[in-house]
Amino acid sequence: MSEESHSKVEAMDLLRQLEDILESDALIDELGFIHPSQFSLLKEESDISSNLSDEAIHQSADRVVISEESSKQDNLYFWNRDHKLGISTHVLLPLYRAAKHAFMTTFKQYRMCDNQSDKDGMCLPAFSSCDHLESILMRHSKSLLLLSCDFMTAWNCRKLIVSKKKKLSMFVDELLLSELVLSYSPKSEQAWNHRRWVIKSISANCSNFKEILGKESELVEKIAESSKMNYRAWNHRCWLISYMTNKQVLYELKKSRSWAALHVADNCCFHYRRRLLLKFMENQNSVEETISCGHNADIVQALKDELDWNEALIKRYVGREALWLHRRFLSMCWINNFLLDSGDASYHSKEAISMHHDFGTFLRNELCLLHSSTFVDDDFVDVQAQAVYSASYILWLKVRNISTRKFIL
C-alpha cells in the first residue's frame, strides 16, 4: 500500500472514530480544537477526577479514543468527557478531507438513488436504499459541519432530509447540532440561519414552542456573554420577537434589563429592547382597535419605566453612547405617541397628558437631565464624551421640535 493510500485509510479511521463519539454521546454541547501538547494535561486531569469518583462512573463518563499508532506514543486525537468534545489540531486537515470526501461521495449516490426512485415509480427497494443513504448522509454531514461550519451543501442536505421525514425529534437534533457549532463559532451565519429555519418549520405544530423560544433567548444571552458585540446572535434574538406573545415580550423586557445594565457599552442589547418595545406597542394598539382604548396606559407605563431606568444608567455610567442613542428612541416614541395629538384625550391616557402635556415641558425635563449628568472643567475622556453625547441629544430634540411643528401646521 502506498503512503498516500495509507494516509487516506488513517484519515477514514479517524473520521469513523469521531462519528462513533458523536453517535455514542448525543448530548455533547461544547466543541473545542486542542493543541496536541494539551492532551497530556487533559489526561492527567481526567485521571485525577476519575480517582475521586466511582469506577463505574469513570467507565461511563470518560470516553477517550486513541488511534492504534498514537496509543504507542500516548498521543490523543479525541477527548470526550462530561459532554465536552476536544479534537486535536494535528488531525484537523486530514479529518476534514476525509469528511468532505465521504459526504460528497454519499451525496452523489443519494441524488442518483432519488432520481432513480422517481423514474421507477417509487419502488420499495429504491426507497430502502435511499433511507440507508440518508442515515449515512446525516452522519457524515454532522462531522463535516463540525469541522467546517460554513459548508452550505451539508446544511442544505440536512434540510432536505429533515423536511422529507418531518419528525419533531429530527428538528430538535438540528437545534442541538447548530448549538454545538455555535459553541466554537458563535458568529457562524449558517448556523444561525439553520436555527431560524428549524424554528420556522416547527412553529405551527409544536406543543412546547414557547419553551423553545425561551431557550433560544437564553442561548443568545449565554453566547453574547462570551462573544462581545455579536450582531448575528442579537439579530437572531430580535427575529424571535415576531413569534412572542405580549406576556413573553414583557418577560423578555424584564429579564434583559439586568444584562443590559451590566453591558452598557453593548448597543445590541438596547436595540433588542427597542424591538421588544415596538412589538409591545404594536400589540397593544391592535388590541385597542378591536376592544377599547383603555389599554394605552400600559404603553405609557412601559415607556415611562424605560425612560426612568435609562436616566439612572446615564447618571451612573458616564460617557456611554449606547445609552444616549437608546434615549433618542424612547423620546421619539414618547413624542410620536403622546405629544403630537395630546389634545385628543380619547386616545391618550390622562396620565400621559398630565405628566408631559406639551413638547416644552418634555424638553425642560430633558434639559434637567443634561445639567445633572454633565460636569464642568473635567479632563477625563468619559466626561468629555458625556458632554458631547448629551449636547448632541438636546440638539436632536430641538430639531425634532421644529419638524414636529411643521408637521402639525
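Residues 24 or more positions apart supply 68% of the protein's contacts that have a separation of 6 or more. The model behind that figure is predicted. The protein holds 18 helices and four strands. Of its 409 residues, 44% are buried. The accessible surface is about 22000 Å². Carbon and sulfur atoms account for 55% of that surface.

**A residue in helix 1**

Leu-18 shows what contacts across the sequence look like here. Leu-18 sits in helix 1. Its relative accessible area is 0%, so Leu-18 is buried. Which residues does Leu-18 contact, leaving aside its neighbours within four places in sequence? They are Phe-78, Leu-85, Ile-87, Leu-95 and Ser-143. Take Ile-87 from that list. Leu-18 and Ile-87 are 69 residues apart along the chain, yet their C-alpha atoms are separated by 8.8 Å.

**Salt bridges**

Side chains of opposite charge can pair when their charged atoms come close. In this model the count of salt bridges comes to 25. Three of them are set out below.

| Salt bridge | Closest N to O distance |
|---|---|
| Arg-16 and Asp-20 | 3.2 Å |
| Glu-252 and Arg-237 | 3.1 Å |
| Arg-257 and Glu-306 | 3.8 Å |

Start with Arg-16 and Asp-20, whose side chains form a salt bridge. Both residues belong to helix 1, which covers residues 3-24. They are four residues apart, so about one helical turn separates them. Arg-16 has 42% relative accessibility and is partly exposed. Asp-20 has 34% and is also partly exposed.

Next come Glu-252 and Arg-237, again joined by a salt bridge. This pair links distant parts of the chain, 15 residues apart. Glu-252 is in helix 12 (residues 246-262), and Arg-237 is in helix 11 (residues 231-240). Are these two residues buried or exposed? Glu-252 is buried, at 4% relative accessible area. Arg-237 is buried too, at 0%.

Helix 12 also supplies a residue to the third bridge, formed by Arg-257 and Glu-306. Arg-257 lies in helix 12, while Glu-306 lies in helix 14 (residues 296-316), so the bridge ties together parts that are 49 residues apart in sequence. The two partners fall in separate accessibility classes. Arg-257 is partly exposed, with a relative accessible area of 28%. Glu-306 is buried, at 2%.

Some bridges share partners. Asp-13, Arg-16, Glu-19, Asp-20, Glu-23 and Arg-139 are joined in this way into one network. The Arg-16 and Asp-20 pair described above is part of that network.

**Aromatic rings**

The model has eleven aromatic pairs. One is Phe-103 with Phe-107, whose ring centres are 5.7 Å apart. Why does this pair count as stacked? The ring planes stand at 5 degrees, and planes under 30 degrees apart count as stacked, so the pair falls in that class. Both residues lie in helix 5 (residues 92-119). They are four residues apart, about one turn of the helix. Both Phe-103 and Phe-107 are buried.

A second pair has another geometry. The ring centres of Phe-209 and Tyr-243 are 5.6 Å apart. Their planes stand at 70 degrees, so this pair is edge-to-face. Phe-209 and Tyr-243 link distant parts of the chain, 34 residues apart. Phe-209 is in helix 10 (residues 209-226). Tyr-243 is in the loop between helix 11 and helix 12. At 10% relative accessibility, Phe-209 is buried. Tyr-243, at 25%, is partly exposed.

Phe-103 and Phe-107 also belong to a wider group. Together with Phe-151 they form one aromatic cluster.

**A charge over a ring**

One further contact involves a lysine and a tryptophan. The charged end of Lys-159 sits over the ring of Trp-197. The distance to the ring centre is 5.8 Å.

**Back to the chain as a whole**

Several pairs above join parts of the chain that are distant in sequence. Glu-252 and Arg-237 do so between helix 12 and helix 11. Phe-209 and Tyr-243 do so between helix 10 and a loop. Other pairs stay within one helix. Arg-16 and Asp-20 share helix 1, and Phe-103 and Phe-107 share helix 5.

Definitions and conventions: Residues numbered from 1 in each chain as written. Predicted model: local features only at pLDDT ≥ 70, side-chain atom pairs only at ≥ 80, totals over all residues. Heavy atoms only, no water. Helix = DSSP H or I, 4+ residues; strand = E, 2+ residues; numbered from the N terminus. Buried < 20%, exposed > 50% of the residue type's maximum accessible area, 1.4 Å probe, protein only. Contact = heavy atoms within 4.5 Å. Areas by Shrake-Rupley, 256 points an atom, 1.4 Å probe, with all protein chains shown as cover. Salt bridge = Lys/Arg side-chain N within 4 Å of Asp/Glu carboxyl O. Phe/Tyr/Trp six-rings, centres within 6.5 Å; stacked < 30°, edge-to-face > 60°. Lys NZ or Arg CZ within 6 Å of the ring centre and 35° of its normal.
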